[in-house]
There are 2 protein chains.
Amino acid sequence: MKLKIGELAEKANVTRRTIDYYTNIGLLQAERSPSNYRYYDYSAIERLNFIEECKHAGLSLDDVKKKLNERDAEEIDVLDLRLKIKGLEKEVSNVVVQLENKNNIELKSLRKKISNESLSLIQTLLLLIKD
Amino acid sequence: MKLKIGELAEKANVTRRTIDYYTNIGLLQAERSPSNYRYYDYSAIERLNFIEECKHAGLSLDDVKKKLNERDAEEIDVLDLRLKIKGLEKEVSNVVVQLENKNNIELKSLRKKISNESLSLIQTLLLLIKD
DNA sequence: ACTAAAAACCATCACGTTATAGTTTTGGAG
DNA sequence: CTCCAAAACTATAACGTGATGGTTTTTAGT
């Protein structure tokens, strides 16, 4: 379920007009219903809070826009990373399948050969996950 | 001499904000000084009056914009016509020069040959000039 | 006539406001 | 439960407003 402007306004503690304005200048995005009503998703609440913080820190909405664009870019990077990780996972599971077809001796030597790499990969993944 | 926003506002009997707004949405044009002040020329007064009339007649500013665009297009047409007339004048004066090099008999027959055309041209020009 | 400082102007931002017109929700009548 | 009208909500237009930060003009003193 998405939020109508009034609901979002209440939840984010700003006026409708502010949301209207932000939407017009591209700080917020909204889907439009067939009757042209705007529908915001819940992430807009946090986005509005973030904007308020930035404003409180003395930034102009234009500055905030840049910040948000950076953040969005990071978000996209994250998505990217996620995709890459998914790809890696697939590769790894493929390797696992290969391993299952090996005999014990081959298996052990192979495991040794890649143990370093997999370890450091796991460590990096842990860094990403923690916090 | 051009008008600053306050001067135009007073002369046209609207607020500065209105002029600001109209300028932003492209209803009015302004030159900018090096310090970014807007400078309007006197025709803006009449333009503003026109806009007020249109609004009074129930038109939206968007409608007014269209009307003004038409008017501006006509203006351009007029400029075009003026140019053409200037061109014609040149042609005519060339003909006059030619005539001056003719003898009387040739001259008379020539005059007869073109009298119809020049008469109707003159009449059309008169139509353009009057009121 | 020259200058410094106040007064008057101007631009832009970030909403606020009022009016108009369409949409959705809701409380009751049947 | 259904239908419908009032109440609540929404979109957009066309400025209004107050704050902030420059620019120009005016004015008063030297």
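This briefing covers the DNA contacts, one helix and the salt bridges of a predicted model. DNA strand C has 20 residues around it, and DNA strand D is likewise surrounded by 20 residues. Over all chains, the whole structure holds 14 salt bridges.

**DNA strand D**

- Among the 20 residues that surround DNA strand D, the closest are A:R38, B:T15, B:Y22, B:Y37 and B:L61. Of the strand D atoms that come within 4 Å of the protein, 74% belong to sugar and phosphate.
- Two contacts go to phosphate oxygens of DNA strand D: a backbone N or O atom of A:G6 lies 3.0 Å from one, and a polar side-chain atom of B:K55 lies 3.2 Å from one.
- A base of DNA strand D is also contacted, with a side-chain N or O atom of B:Y37 lying 2.7 Å from a base nitrogen.
- At least two residues of the surface near DNA strand D come from each of α1 (5–12) of chain A, α2 (16–24) of chain A and α2 (16–24) of chain B. The largest share, four residues, is supplied by α2(B).
- By residue class, the surface near DNA strand D has eight charged, six polar and six nonpolar residues.

**DNA strand C**

- The nearest of the 20 residues around DNA strand C are A:T15, A:R17, A:Y22, A:L61 and B:R38. Sugar and phosphate make up 75% of the strand C atoms that come within 4 Å of the protein.
- From chain A, an N or O atom in the side chain of A:T15 is 2.7 Å from a phosphate oxygen of DNA strand C, and a polar side-chain atom of A:S35 lies 2.8 Å from a phosphate oxygen of this strand.
- From chain B, a backbone N or O atom of B:G6 lies 3.1 Å from a phosphate oxygen of DNA strand C. Two or more residues of the surface near this strand are given by each of α2 of chain A, α1 (5–12) of chain B and α2 of chain B.
- The element that gives the most to the surface near DNA strand C is α2(A), with four residues. The residues of this surface divide into eight charged, six polar and six nonpolar.

**Helix α3 of chain A**

- Helix α3 of chain A covers residues 43–56, and its 14 residues should span 20 Å at 1.5 Å a residue; the end C-alpha atoms are 20 Å apart, which agrees.
- Its buried residues are A:A44, A:I45, A:R47, A:L48, A:F50, A:I51 and A:C54.
- After α3(A) comes A:G58, which has a positive phi near 90°.

**Salt bridges**

- A:R71 and A:E46 form a salt bridge, with their closest N and O atoms 3.2 Å apart. Because A:R71 lies in helix α4 (residues 61–100) and A:E46 in helix α3 of chain A, the pair ties together parts 25 residues apart in sequence. Both are partly exposed, A:R71 with a relative accessible area of 24% and A:E46 at 42%.
- B:K2 and B:D41 meet in a salt bridge with an N to O distance of 3.4 Å. B:K2 sits in the segment before α1 of chain B and B:D41 in the loop between β2 (38–39) and α3 (43–56), 39 residues apart.
- In the salt bridge of B:E52 with B:K55, the closest N and O atoms are 3.3 Å apart. The two residues are three apart in helix α3 of chain B, so about one helical turn separates them.
- A network of salt bridges links A:K2, A:E31 and A:D41.

Methods
Residues are numbered from 1 along each chain as its sequence is written. Chains are lettered from A and ligands numbered from 1 in the order in which they are written. This is a predicted model: local features need pLDDT of at least 70, side-chain atom pairs count only at pLDDT 80 or more; totals for chains, interfaces and linings use all residues. Side-chain values use heavy atoms; hydrogens and water are left out. A residue is near a molecule or strand if one of its heavy atoms lies within 4 Å of it. A polar contact is a pair of N or O atoms within 3.5 Å; within protein, one must be able to donate a hydrogen and the other to accept it, and residues adjacent in sequence count only if both atoms are side-chain atoms. Ala, Val, Leu, Ile, Met, Phe, Trp, Tyr, Cys and Pro count as nonpolar, Asp, Glu, Lys and Arg as charged, and the others, Gly among them, as polar. The expected span of a helix is 1.5 Å times one less than its number of residues. Buried means under 20% relative accessible area, exposed over 50%, partly exposed in between (1.4 Å probe, protein chains only). A salt bridge is a side-chain nitrogen of Lys or Arg within 4 Å of a carboxyl oxygen of Asp or Glu.
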